[in-house]
Amino acid sequence: MSKKVVAVTALAVGSLLAGTASASAAGGSAEAAPSSLTWVGEAVPSDAAPAGKVARYQADPEAGTITFLGFGEPEPEPEFTPFIVVNNPPRAGDCVLAPTSVPYASYGFRGAGTINGTWANRQRITAGVERCAGTYRAQSGGPAFNTPVLAPGATIVFTSPAVFSQVRI
């Protein structure tokens with residue numbers, strides 16, 4: 001029996017937390033790694049927001065593009081939870097995956113870590129009191145993309161329905 005040893009650097013850990021790295025075991029089947037989004041216009045990071053404001057974005061899941069829309073007012077900040085909790089309906093301060101329409105529900109995520117699942121027909125992701133990011137693809141199929149890590153209160157609105165497969169806080 002052989003043992004597999006894996007070394008992870010601080011940079012790799014940071015990339016994994018930011019959702020920009022992927023790994024697969026030999027012999028296992030893994031989905032293709034998410035592609036990078038293409039910025040339309042200026043690439044403004046969410047932590048560039050002026051004091052008292054949060055970043056707002058729009059993403060096109062069909063084209064894999066993201067556009068900075070500007071800065072807006074933040075939401076109130078509730079308490080921090082040390083693990084991921086999924087709320088339906090979301091609570092104030094959650095990282096929220098909002099649906100395109102009824103009958104789909106909004107889901108709120110709070111805490112720290114990564115949660116995998118399938119949240120179809122999503123129109124928007126909004127960071128809560130913690131930074132969050134997600135992996136999504138167009139509802140119609142195609143490659144997966146990682147959102148940028150969103151600062152608290154930042155929002156990405158999708159131009160067409162998206163399916164999220166992962167949320168990272």
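These are my notebook entries on a predicted model of a protein chain.

**Ground rules.** I number residues from 1 along each chain as its sequence is written, and side-chain values use heavy atoms, with hydrogens and water left out. Since the model is predicted, local features need pLDDT of at least 70 and side-chain atom pairs count only at pLDDT 80 or more, while totals for chains, interfaces and linings use all residues.

**Overall layout.** I looked up the secondary structure first and found one helix and 10 strands. Helices (H or I, at least four residues) and strands (E, at least two) are DSSP runs, numbered from the N terminus. From that end the order reads α-β-β-β-β-β-β-β-β-β-β. Of the 169 residues, 36% are buried; buried is under 20% relative accessible area, exposed over 50%, and partly exposed in between (1.4 Å probe, protein chains only). The chain exposes about 9100 Å², with 57% supplied by carbon and sulfur atoms; the areas are from the Shrake-Rupley method with a 1.4 Å probe, and for residues only the protein chains shown count as cover. I then checked contacts, meaning heavy atoms within 4.5 Å. Among those between residues at least 6 apart in sequence, 60% join residues at least 24 apart.

**The core.** Which residues touch the most other members of the largest nonpolar core? I found Ile125, Tyr136, Ile156 and Phe158, out of 21 residues. Such a core is a set of buried Ala, Val, Leu, Ile, Met, Phe, Trp, Tyr and Cys residues joined through side-chain atoms within 4.5 Å. Strand 2 (54–60), strand 5 (95–99), strand 7 (114–126) and strand 10 each give two or more residues to this core, and the largest share, five residues, comes from strand 10. Beyond its neighbours within four places in sequence, Phe158 contacts Ala59, Pro61, Arg122, Gln123, Arg124, Ile125, Tyr136 and Phe164.

**Along strand 10.** I stayed with this strand, residues 155–168, to look at two of its polar residues, Thr159 and Gln166. Thr159 is partly exposed at 44% relative accessible area. Setting aside neighbours within four places, Thr159 contacts Gln58, Ala59, Asp60 and Pro61. Its side chain makes a polar contact of 3.2 Å with that of Asp60. I count a polar contact as a pair of N or O atoms within 3.5 Å; within protein, one must be able to donate a hydrogen and the other to accept it, and residues adjacent in sequence count only if both atoms are side-chain atoms. Gln166 has a polar contact too, 2.8 Å from side chain to side chain with Asn116. Among the residues Gln166 touches are Trp119, Ala133 and Thr135.

**Aromatic pairs.** How many aromatic pairs does the structure hold? I get eight. Rings of Phe, Tyr and Trp (its six-membered ring) pair if their centres lie within 6.5 Å; planes under 30 degrees apart are stacked, over 60 edge-to-face, and the rest tilted. Trp39 and Tyr57 are edge-to-face, 5.7 Å centre to centre with 65 degrees between the planes. Trp39 sits in strand 1 (residues 38–40) and Tyr57 in strand 2, so this pair ties together parts 18 residues apart in sequence. Trp39 is partly exposed at 29%, whereas Tyr57 is buried at 1%. Phe109 and Trp119 also make an edge-to-face pair, because their ring centres are 5.2 Å apart and their planes at 85 degrees. Phe109 is buried at 0%, and Trp119 is buried at 9%. My last note is a cluster: ring pairs link Trp39, Tyr57, Phe68 and Phe71.
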